[in-house]
Each structure stands twice: as C-alpha cells, then as structure tokens.
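Morning, everyone. I have a few minutes on salt bridges, and I will start by putting the structure up.

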Amino acid sequence: MSLLKKLFTLGRKAKHDLEDALDQETIIAQTEQALRDDRAALAKTDGTRIEFGAKRREAERKVAEFTESAAKFKARAIQARDSGNEELALKAMGEMQKAQTQLEAQQKIFDSVSESIATLDRDYDNLAAQIEARGIELEELKAQDAILDVRESLASASHAVHNNTSNAASSLSRAKEIQQKRQDKLDASQELDSARDLDAQFAELDRTGGKSQKDLLAELS
C-alpha cells in the first residue's frame with residue numbers, strides 16, 4: 001500500500017471515529033435531557049395525586065358520617081315505632097333514607113376516587129421504573145465509555161511504546177555497530193604499532209648481531 005493511500009485511509013478512519021464520538025456525545029446529551037424532562041413531568045403528577053388523595057379522605061369521612069347518621073335515624077325510627085309514635089317514626093325514617101341516599105352517593109365518589117388513585121399509582125410506578133431503568137442504562141453506557149477511553153489511551157500508549165522500543169532497539173544496534181568499528185580500528189592500530197616495534201627489534205638485532213652495548217664496548221680497540 002502506498003504512503004498516500006495509507007494516509008488517506010488513516011484520515012478517513014479518524015473522520016469516522018470523530019463522527020462516532022460526536023454521535024455518542026449527542027445521544028448521551030439527548031438521553032440525559034429526556035430523563036430530566038421525564039422526571040420533571042413525573043414530579044408534576046405529585047400535585048394531582050395529592051389532590052385525589054384529599055378527595056378520597058373527604059369522601060371516606062363523609063361515608064363514615066352518613067353511615068353513622070343513617071344508623072342513628074334508623075334506631076330512632078324503630079324506637080318511635082315501638083313506642084307507638086308513628087309520626088315521629090316516619091320522620092326519623094325519612095331522615096334515615098336521606099342519610100342512606102347521601103351515603104350511597106359518597107360511597108360511589110369514594111370508590112371512583114380510590115380506583116383513579118390506584119390507576120395513577122400504577123401508572124406512576126411504571127413510569128418511574130422506566131425512567132430509573134433508562135437512567136441506570138445511561139450510567140452503564142457512560143461508565144463503559146470511560147473504560148473504553150482508558151483502554152484506547154492505553155492501546156495508543158502501548159503502540160507508541162512499541163514503536164519507540166523498536167526505534168530504540170534499531171538505534172542501539174546501530175550505535176553498537178559504530179562502537180565495534182571504533183574498537184576494530186583501535187585494535188588494528190595497536191596491532192600495527194606492535195608489529196612495527198617487533199620489526200625495529202629485529203632490525204636492531206641484525207645490526208648488532210645480538211651483542212649488548214657492553215659487548216660492543218669491549219670490542220673497541
């Protein structure tokens with residue numbers, strides 16, 4: 001592969017990596033915003049749930065009141081009937097019937113509100129669970145991204161170390177070659193000097209015949 005083609009390939013890969021990184025950042029940002037919006041919307045339903053809770057407590061209180069009132073007028077109607085006071089018994093029975101009618105109405109309100117609250121609670125819990133699940137998934141994605149960033153950094157550092165090690169090994173090998181050449185020259189020079197000394201010694205031996213200076217002095221006449 002030519003150098004130009006390699007550079008083009010690397011450039012295209014870097015462009016795709018950058019686009020992926022930007023897409024990833026956009027997705028995370030959008031998801032975080034969506035979670036904030038969902039949590040805000042969920043929080044707004046708290047007011048509605050509180051209102052329904054208050055209505056149910058009010059209906060429950062009225063149910064209890066009308067239940068007690070109906071029982072009270074029923075007892076009075078029976079008491080008046082048994083005592084022979086039909087007119088008073090009929091009045092008490094009329095009040096009992098009014099209380100029972102109001103009781104039925106409040107009971108319907110209580111049942112309807114209770115059913116609505118149950119539905120709201122179920123929907124609230126489902127939505128809260130979905131938001132929580134998305135939040136956990138997003139945190140896991142961000143954590144995995146952080147791990148990948150570290151691994152990519154380590155891989156890049158490892159690649160650089162490998163290249164540096166290879167270059168250093170090559171440089172050291174070259175330095176050793178140069179060092180060996182210098183050593184070889186020095187050894188050759190020393191060998192040459194040693195050979196010259198040996199030649200000089202043999203030349204002196206030839207000139208003197210192997211005689212010492214004292215011997216030569218004794219031969220003088």
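What follows is a short walk through some of the salt bridges in this model.

Keep in mind that this is a predicted model. The count comes to 11 salt bridges. I will take three of them.

Start with Glu32, which forms a salt bridge with Lys142; their closest N and O atoms are 2.8 Å apart. This pair links distant parts of the chain, 110 residues apart. Glu32 sits in helix H1, residues 3-82, and Lys142 sits in helix H2, residues 86-208. Are the two partners buried or exposed? Neither word fits: Glu32 has a relative accessible area of 23%, so Glu32 counts as partly exposed. Lys142, at 29%, is also partly exposed. There is a third residue to mention here, since Glu32, Glu139 and Lys142 are linked in a network of salt bridges.

Next is Asp121, which pairs with Arg49, with 3.0 Å between the closest N and O atoms. Asp121 is in helix H2 and Arg49 is in helix H1, so this salt bridge ties together parts that lie 72 residues apart in sequence. On accessibility, Asp121 comes out at 27%, which makes it partly exposed. Arg49 comes out at 28% and is partly exposed as well.

The last one is Arg81 with Asp82. Their closest N and O atoms are 3.2 Å apart. Arg81 and Asp82 are both exposed.

To recap, the Glu32 and Lys142 pair joins helix H1 to helix H2, and the pair of Asp121 and Arg49 also ties H2 to H1. That is what I have for today.

Methods: Residues numbered from 1 in each chain as written. Predicted model: local features only at pLDDT ≥ 70, side-chain atom pairs only at ≥ 80, totals over all residues. Heavy atoms only, no water. Salt bridge = Lys/Arg side-chain N within 4 Å of Asp/Glu carboxyl O. Helix = DSSP H or I, 4+ residues; strand = E, 2+ residues; numbered from the N terminus. Buried < 20%, exposed > 50% of the residue type's maximum accessible area, 1.4 Å probe, protein only.
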